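User: I should like to work through the packing of the protein shown below. Please reason from the geometry and close each reply with the item requested.

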Amino acid sequence: MNAIVLLGPPGAGKGTVSDVLIARGYNHISTGNLLREQIRLETPLGLQARERMDRGSFVPDDVVVGMIREVMAASDGSQKFLFDGFPRTLIQAQMLEKLMVEVNGEVKQVVLLDCPDHVIIDRLVGRRTCGKCGSVYHVTFNPPSQGNVCDVEGCELSQRADDTEETVRKRLAVYQQRTEPLIAYYKEKNLIVTINANQSIAEVRADVSDALGVDAL
Ligand code: AP5
């Protein structure tokens, strides 16, 4: 069981670019999506996570690692994982390393999506999401074909509660303080490949494909 990690600030395009690897058989595990599913189901975990997520703080490491452990335990061992938004702290990265050792796997590559703060704010404030299928759009950069309606489900799109400018600025500060140290951590292990995420969606996807190479895919 091997894994690729998508690292980068909120709104860098981790979810958007993940299609490239999903199409090549990677099992996309977004801790943000897993947590939002818990909120939707109104589980105790979801109720605990909601308040933190809405104000742009992190959910505790043990909660997030517990979710990942469950996902990995349910896999048949032959799957390739694409972790999106996980790990986000040094503790999570160390825990992931231990989990991978337990399943005789390893993190093969860490894709860092690099994007300036002002671009991120525009992207997140304009993001719209389908509550049914999770499709992600942008009012300007990636609009749906018709109005504010999902191309797949035909239902009204919504804005995430944490996508206000104020909360995005808070999320960026938390990223700098708690997640950026992972760049040095993975550089030390020679696993980082940095992608310029301040390009069109097509260009970012192409760069990710090129950087990972056919073998990794
Ligand atoms: P999560 O859902 O993971 O949010 P995030 O990391 O903040 O990332 P986003 O989903 O906001 O952005 P993205 O990089 O996927 O960008 P996207 O592709 O959507 O986490 C939410 C919260 O959950 C956290 O704040 C925390 O509270 C909690 N949490 C999650 N994981 C955790 C963990 N491991 N530990 C602790 N807490 C955790 O793109 C954004 C927009 O830009 C879209 O509208 C898209 O259409 C557009 N776009 C994308 N690429 C481009 C491009 N190249 N050009 C123009 N527009 C683009």
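User: Which residues in H8 do Tyr175, Gln176, Gln177, Arg178 and Thr179 in H7 meet?

Analyst: The model is a predicted one, in which local features require pLDDT of at least 70 and side-chain atom pairs pLDDT 80 or more, while totals for chains, interfaces and linings use all residues. Residues are numbered from 1 along each chain as its sequence is written, and side-chain values use heavy atoms, without hydrogens or water. Helices (H or I, at least four residues) and strands (E, at least two) are DSSP runs numbered from the N terminus, and contact means heavy atoms within 4.5 Å. On the H8 side, the five H7 residues meet Pro181, Leu182 and Ile183.

User: How do the residues of the contact of H7 with H8 divide by character?

Analyst: Ala, Val, Leu, Ile, Met, Phe, Trp, Tyr, Cys and Pro count as nonpolar, Asp, Glu, Lys and Arg as charged, and the others, Gly among them, as polar. The axes of H7 (residues 165-179) and H8 lie 5 Å apart, at an angle of about 35°. The division of this contact is 4 nonpolar, 3 polar and 1 charged.

User: How is H2 (residues 31-40) oriented relative to H3 (residues 44-54), parallel, perpendicular or oblique?

Analyst: Axes are lines fitted to C-alpha atoms, for helices over the stretch in contact, and angles run from 0 to 180 degrees between N-to-C directions. The two axes come within 7 Å and cross at roughly 120°. Angles under 35 degrees count as roughly parallel, over 145 as roughly antiparallel, 65 to 115 as roughly perpendicular and the rest as oblique. H2 is therefore, with respect to H3, oblique.

User: Which residues of H3 make the contact with H2?

Analyst: From H2, the contact is made by Gly32, Leu35, Arg36, Gln38 and Ile39. Across both helices, its residues comprise 5 nonpolar, 3 polar and 2 charged. The H3 partners are Leu45, Gly46, Ala49, Arg50 and Met53.

User: Which element gives the largest share of the largest nonpolar core?

Analyst: A nonpolar core is a set of buried Ala, Val, Leu, Ile, Met, Phe, Trp, Tyr and Cys residues joined through side-chain atoms within 4.5 Å; buried means under 20% relative accessible area, exposed over 50%, and partly exposed in between (1.4 Å probe, protein chains only). The largest core has 33 residues, and Met72, Phe83, Leu96, Val110 and Tyr186 have the most contacts inside it. The elements giving two or more residues to this core include strand E1 (2-7), helix H5 (90-102) and helix H8 (181-188). The largest share, 6 residues, comes from H4.

User: Which residues does Val71 contact beyond four places in sequence?

Analyst: Val71 is found in helix H4. Its C-alpha lies 24 Å from that of Arg160, and the two are 89 residues apart in sequence. Leaving aside neighbours within four places, Val71 touches Ile29, Leu34 and Phe81.

User: What is omega for the cis peptide bond that joins Phe86 and Pro87?

Analyst: Pro87 is placed in the loop between E3 and H5. The cis bond joining Phe86 to Pro87 has an omega of about -5°.

User: What is the relative accessible area of Asn190?

Analyst: Asn190 sits in the loop between H8 and strand E7 (192-196). Although not a glycine, Asn190 has a positive phi of about 60°. Asn190 is exposed, and its relative accessible area is 68%.
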